[in-house]
Amino acid sequence: AKENGSSQYQFYDAERDQTSIEQIILENDLELAIQADQMRLVYQPKVDIRTGEVIGLEALVRWQHPLLGVISPGQFIPVAEKSGLIVGLEKWVLRTACTQVKKWLTEGRQVRPVAVNISQIHLMKPDIFDSIMELLTELALDPELLELEITESAMMHNEEHVIRILNDLRKAGISVSMDDFGTGYSSLSYLHSLPIGCLKIDRSFVSNITSDSDSRAIAEMIISMARQIGLAIVAEGVETEAQVALLKELQCYNAQGFYYSKPLTPDEVSVHLPVIFED
Ligand code: C2E
Ligand code: CA
Ligand code: CA
Ligand code: CA
């Protein structure tokens with residue numbers, strides 16, 4: 001049992017203890033996980049809902065822990081952010097995703113741009129642009145095949161720095177999407193001043209558009225606003241045919257979600273990427 005501040009015994013809380021033990025294990029093991037080859041990437045297709053064509057992929061990280069099994073990023077990304085390990089992890093994600101695209105190209109496949117998630121901590125690193133460019137140069141990969149997804153809230157810190165990095169990326173041909181749009185509080189004027197190519201409407205609105213009139217109104221507003229300022233738009237977390245129909249009606253033609261596909265292993269993705277030449 002533990003003591004609290006008033007020196008009274010508390011009942012043993014097995015559930016809470018387990019959480020904190022797990023937390024400690026995660027922090028310790030995370031540092032070694034990349035070297036121990038326990039991290040994997042899966043790729044979720046982004047689809048044109050008019051044609052069903054795959055227009056892009058999003059790389060999502062999975063941790064195959066030797067004792068705990070597959071751990072979802074929702075559990076360890078916050079731990080990685082707290083400890084600063086996120087930067088090393090995302091560098092690994094960038095390298096692995098770009099190397100995978102390179103491999104598909106070498107196999108003669110028709111590839112699509114791959115999007116990688118970038119955390120606020122990583123975005124704030126002064127060398128982020130240079131290190132991404134170095135990677136692309138080393139792999140001789142076309143910058144148009146890499147996209148970055150940055151959450152709305154991450155873009156709202158240190159606006160000058162963010163605008164400078166985004167400008168550099170755009171000039172280099174790397175496009176940026178604003179992720180989880182609708183969950184932060186960015187103003188229309190700030191949005192307009194950002195050199196981004198795309199908004200991803202957060203799943204929290206998309207999952208309610210057919211049942212909740214507020215969510216529908218918000219989605220409708222985001223879509224028409226994006227159109228007016230010339231931004232592409234992707235609806236995330238699309239799960240049902242009814243959502244697809246409504247998105248079409250609202251003229252949002254790009255979607256991602258379990259209705260189309262769960263995140264796939266590289267081999268599973270290959271099936272969707274036709275071979276256009278063989279050597
Ligand atoms: P996100 O960027 O919003 O990624 C989409 C998440 O929604 C993924 O969960 C995906 O599997 C899930 N999803 C996709 N379609 C559907 C659907 O139709 N229904 C439902 N219920 N869920 C769907 P995942 O892979 O667990 O990732 C969770 C979050 O972890 C991501 O949210 C992202 O914020 C973060 N994450 C993943 N990989 C990375 C990374 O390399 N770096 C950073 N910073 N964050 C990452
Ligand atoms: Ca994302
Ligand atoms: Ca998202
Ligand atoms: Ca989201």
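**Close-up views of the calcium sites and ligand 1**

Glu149 counts as buried, at 1% relative accessibility (buried is under 20% relative accessible area, exposed over 50% and partly exposed in between, with a 1.4 Å probe and protein chains only). The views come from a predicted model, where local features need pLDDT of at least 70, side-chain atom pairs count only at pLDDT 80 or more, and totals for chains, interfaces and linings use all residues. Residues are numbered from 1 along each chain as its sequence is written, chains are lettered from A and ligands numbered from 1 in the order in which they are written, and side-chain values use heavy atoms, leaving out hydrogens and water.

**View 1. Glu58, Asn117, Glu149 and Asp179 coordinate the calcium ion (ligand 2).** Their donors, Glu58 (OE), Asn117 (OD1), Glu149 (OE) and Asp179 (OD), are at 2.2 to 2.3 Å (donors are N, O and S atoms within 2.8 Å of the metal, or 3.2 Å for Na, K and Ca; water is not among the atoms, so sites may look incomplete). Along the chain, the spacing is E-x58-N-x31-E-x29-D. Distant parts of the chain are linked here: Glu58 is in strand β2 and Glu149 in strand β5 (residues 146–151), 91 residues apart (strands are DSSP runs of E, at least two residues; helices are runs of H or I, at least four; both are numbered from the N terminus). Glu58 is buried too, with a relative accessible area of 6%.

**View 2. Asp180, Asp202 and Glu236 hold the calcium ion (ligand 4) in coordination.** Here the distances are 2.2 to 2.6 Å, and the donor spacing reads D-x21-D-x33-E. Asp180 in strand β6 (residues 175–181) and Glu236 in strand β8 (residues 232–236) are 56 residues apart. Asp180 is partly exposed at 22% relative accessible area, whereas Glu236 is buried at 11%.

**View 3. The calcium ion (ligand 3) shares a coordinating residue with each of two other calcium ions.** Asp179 coordinates both ligand 2 and ligand 3, which are 3.6 Å apart. Asp180 coordinates both ligand 4 and ligand 3, with 3.2 Å between these ions.

**View 4. Polar contacts reach ligand 1 from Gln44, Val61 and Glu90** (a polar contact is a pair of N or O atoms within 3.5 Å; within protein, one must be able to donate a hydrogen and the other to accept it, and residues adjacent in sequence count only if both atoms are side-chain atoms). A polar side-chain atom of Glu90 lies 2.5 Å from a nitrogen atom of ligand 1. For the side chain of Gln44, the N or O atom is 3.1 Å from a ligand nitrogen, and for Val61 a polar backbone atom is 3.4 Å from one.
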